[in-house]
Amino acid sequence: MRVEVEEKVLSENDKLAAGLRERYRKHKVFCVNFISSPGSGKTALLERTLEALPKTAKVAVLTGDLQTENDARRLAKAGFPVKQITTGGTCHLDATMISRALDDWDLEAIDILFVENVGNLVCPTSYDLGEHAKIVLLSVTEGEDKPLKYPSIFAAAELCIINKIDLLPYVPFNLEQSIANARQVHPGMEVVQTSCTKVQGLETWMAWIERRRLQAMQG
Ligand SMILES: Nc1nc2c(ncn2[C@@H]2O[C@H](COP(=O)(O)OP(=O)(O)OP(=O)(O)O)[C@@H](O)[C@H]2O)c(=O)[nH]1
Ligand SMILES: [Mg+2]
């Protein structure tokens, strides 16, 4: 019975996600969906990303959390449109929440939509948000085995960002092994290493976004 209800919810979500995909296509919006454990640095990476963009960039952010507007407050400092989605108790964003949040935004004024999902390495993976790409963050304090323990998101994401590399001298984390684990689950997976405190790896990440956006716009 539980499986049936879950399947129904997911198929409803898929329909709405298809609608979102069509809206993104029509208005030429490139959308990425950031997924990670709580605290891996999704908001920090978005803060550094927004700061690095020209003020004229047409970017916007939807950020999801169970409670608080903290992330939206942090992200709004860069001056781009930001909206917080508070889910109450729900451990993921779904396509209904995204559709509602976008209703009073002019999609013609957005080239890139960043979606920061609720901090959770499991639930958000099942919910299609109509995005062009899922991106998974793994920080070096989480352990190199996480791609093997939580394979679904590493299989589904196009890019793995290994964050907090500034902490590598202080924590037992085998970087090479973490990349090998990600690629065991997802052969050939692209990996970018970043530090949001020391601002490292940002150029590689920004280049990935631009390359992937152009590819999506051609497709
Ligand atoms: N040393 C170090 N700390 C970082 C880095 N990136 C983020 N942090 C810190 O990690 C903590 C969590 O970062 P957030 O950006 O809030 O993480 P998040 O993934 O958005 O967290 P949730 O939204 O709660 O899931 C904060 O104290 C950040 O300052 C990094 O590259 N290096
Ligand atoms: Mg956050």
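**Group meeting talk: a tryptophan, two cores, a metal and a ligand**

Let me begin with tryptophan 205, which touches Phe34, Leu45, Thr49, Phe114, Ile135, Leu159, Ile161 and Val192, leaving out residues up to four places away in sequence; contact here means heavy atoms within 4.5 Å. Before I go on, please note that this is a predicted model, in which local features need pLDDT of at least 70 and side-chain atom pairs count only at pLDDT 80 or more, while totals for chains, interfaces and linings use all residues. Residues are numbered from 1 along each chain as its sequence is written, chains are lettered from A and ligands numbered from 1 in the order in which they are written, and side-chain values use heavy atoms, with hydrogens and water left out.

Tryptophan 205 is found in helix 8; helices (H or I, at least four residues) and strands (E, at least two) are DSSP runs, numbered from the N terminus. Is this tryptophan 205 buried or exposed? At 0% relative accessibility, it counts as buried, where buried means under 20% relative accessible area, exposed over 50% and partly exposed in between, with a 1.4 Å probe and protein chains only.

Tryptophan 205 also belongs to the largest nonpolar core, of 27 residues, and is one of those with the most contacts inside it, as are Val32, Phe34, Leu50, Phe114, Ile135 and Ile209. By a nonpolar core I mean a set of buried Ala, Val, Leu, Ile, Met, Phe, Trp, Tyr and Cys residues joined through side-chain atoms within 4.5 Å. At least two residues of this core come from each of strand 1 (30-35), helix 2, strand 2 (59-65), strand 4, strand 5 (133-139), strand 6 (159-163) and helix 8 (202-218). Helix 8 gives the most, with five residues. Another core lies apart from this one; it has 21 residues, among them Leu20, Tyr24, Ile85 and Leu93. Returning to the largest core, leucine 50 touches Val59, Val61, Leu75, Ala78, Phe80 and Phe114, again not counting residues up to four places away in sequence.

I turn now to the metal. Which residues are the protein donors of the magnesium ion, ligand 2? They are Thr43 (OG1), Asp71 (OD) and Glu116 (OE), lying 2.0 to 2.1 Å from the ion. Donors are N, O and S atoms within 2.8 Å of the metal (3.2 Å for Na, K and Ca); water is not among the atoms, so sites may look incomplete. Aspartate 71 lies in helix 3 (residues 70-76) and glutamate 116 in strand 4 (residues 112-116), so this pair ties together parts that are 45 residues apart in sequence. Aspartate 71 is buried at a relative accessible area of 10%, and glutamate 116 is buried at 3%.

The remaining donor, threonine 43, lies in helix 2 (residues 42-52) and is buried, with a relative accessible area of 5%. A polar contact of 2.7 Å joins its side chain to that of glutamate 116. Such a contact is a pair of N or O atoms within 3.5 Å; within protein, one must be able to donate a hydrogen and the other to accept it, and residues adjacent in sequence count only if both atoms are side-chain atoms.

Finally, ligand 1. Of the 20 residues around it, Lys42, Thr43, Ala44, Asp166 and Cys196 come nearest, a residue being near if one of its heavy atoms lies within 4 Å. A nitrogen atom of ligand 1 is 2.8 Å from an N or O atom in the side chain of aspartate 166. An oxygen atom of ligand 1 lies 2.7 Å from a polar backbone atom of cysteine 196.
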